[in-house]
Amino acid sequence: HFLLMLSKRDEERCQKDPSKKRCHFFKSFFITKLLNEGHSNPNIEGTYEYKNVKRWSKKVPGKDLSKLDKIFFPVNEGRMHWLCAVAFIPQKRIEMYDSMGTSGLLYLESIFRYLQDDYMDKKGSPMPDVDEWKIVTCQRSTPRQRNGKF
C-alpha cells in the first residue's frame, strides 16, 4: 500500500507540473517472477526469465520505461528482508538500498538485463548507450538497521 500511495503522489505531482517525468513502482512480485523465485522446479529456481514479466511494462505511465524518471523495484529477499532497487532512467544508473548492507548485485544485474530486454522487445532495437549505465551496489551511506545483527 505504501508504494501505491507513492504512485498516486507521483501522478498528482506530474499533473500539477506536466514538465516532470513520471515514476513507476513495481510490485514486489515483479522480482519474484523475473527470477523464478520459489519455482517448483529446482533447475529453474532463481533463474532470470524475461517472458515471465514481459507484459508488466504495459502498465507503466506512457507504456515506455525509457521515458520515466525513476523505476522502483521492491525486493523481498528470502521472504524475510526488504530491499529496494531504483533505476534512475535519465541518469542511466541503477542503485540498491538495503538497510542490512548487502550489495544486491544479482538483483541489480537482473534489473539492468530486464531494462535492456524490454527496450529490445518494445522498440525492436538494442538499448542505446548500454555502456554508459552504472550499477551501484548498496553504499556505506545507506542507513542501517541494528536488529538482526548478532
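Let us start with a pair of side chains: K51 and E49 meet in a salt bridge, with 3.4 Å from N to O. The model you are looking at is a predicted one, and this pair is a good place to begin reading it. K51 is exposed, with a relative accessible area of 61%, whereas E49 counts as partly exposed at 23%. Side chains of opposite charge can pair when their charged atoms come close. The structure holds eleven such salt bridges, and a few of them are worth visiting in turn.

Look next for K54 and D121, whose side chains also meet in a salt bridge, this time at 3.6 Å from N to O. K54 sits in the loop between α2 and β2 while D121 belongs to helix α3, so this pair ties together parts that are 67 residues apart in sequence. Both ends of the pair are partly exposed: K54 has a relative accessible area of 37%, and D121 has one of 34%.

Now move on to E132, which forms a salt bridge with K92, the closest N and O atoms being 3.5 Å apart. Here too distant parts of the chain are linked: E132 is in the loop between α3 and β5, K92 is in the loop between β3 and β4, and 40 residues separate them. E132 is partly exposed, with a relative accessible area of 47%, and K92 also counts as partly exposed, at 23%. Returning to K54 and D121, we find that they have company: salt bridges that share partners join K54, D118, D121 and K122 into one network.

E132 has another neighbour to look at. Its C-alpha atom lies 9.2 Å from that of Q91, although the two residues are 41 apart in sequence. The loop that holds E132 runs between α3 and β5, and β5 covers residues 134-136. P126 is found in that loop between α3 and β5 as well, and P126 is exposed, with a relative accessible area of 57%. For P126 and E77, 49 residues apart along the chain, the C-alpha atoms are separated by 30 Å.

From these charged pairs we can turn to the interior. Which residues have the most contacts inside the largest nonpolar core? They are I31, I71, F73, Y114 and L115, in a core of 29 residues. The elements that give two or more residues to this core are α2, β2, β3 (81-88), β4 (93-97) and α3 (105-123). Of these, α3 gives the most, with seven residues. Helix α3 therefore appears twice on our tour, since D121 of the K54 pair also lies in it.

The loop between α2 and β2 deserves a slower look. Most residues other than glycine have a negative phi. N36, in the loop between α2 and β2, has a positive phi near 50° without being a glycine. K63 lies in the loop between α2 and β2 too, and its phi is also positive, at about 55°, although K63 is not a glycine. Are these two residues buried or exposed? N36 counts as buried, at 7% relative accessibility, while K63 is exposed, with a relative accessible area of 59%.

The loop between α2 (29-34) and β2 (70-77) also holds K58. Together with K27, R55 and K59, K58 forms a positive surface patch. K58 is partly exposed, with a relative accessible area of 49%. A residue must have over 30% relative accessible area to join a patch, so K58 meets that cut-off.

One member of the patch, K27, leads us to the start of the chain. H1 lies in the segment before α1, a helix that covers residues 2-16. At 87% relative accessibility, H1 counts as exposed. H1 and K27 are 26 residues apart along the chain, and their C-alpha atoms are separated by 9.8 Å. With H1 our walk ends at the segment before α1, having begun with the salt bridge of K51 and E49.

Terms used: Residues numbered from 1 in each chain as written. Predicted model: local features only at pLDDT ≥ 70, side-chain atom pairs only at ≥ 80, totals over all residues. Heavy atoms only, no water. Patch = residues over 30% accessible without salt bridge, like charges linked within 9 Å, V, L, I, M, F, W, Y side chains within 5 Å. Areas by Shrake-Rupley, 256 points an atom, 1.4 Å probe, with all protein chains shown as cover. Salt bridge = Lys/Arg side-chain N within 4 Å of Asp/Glu carboxyl O. Lys, Arg positive; Asp, Glu negative; His and termini not counted. Charge placed at Lys NZ, Arg CZ, Asp CG, Glu CD. Helix = DSSP H or I, 4+ residues; strand = E, 2+ residues; numbered from the N terminus. Buried < 20%, exposed > 50% of the residue type's maximum accessible area, 1.4 Å probe, protein only. Core = buried A, V, L, I, M, F, W, Y, C linked by side-chain atoms within 4.5 Å.
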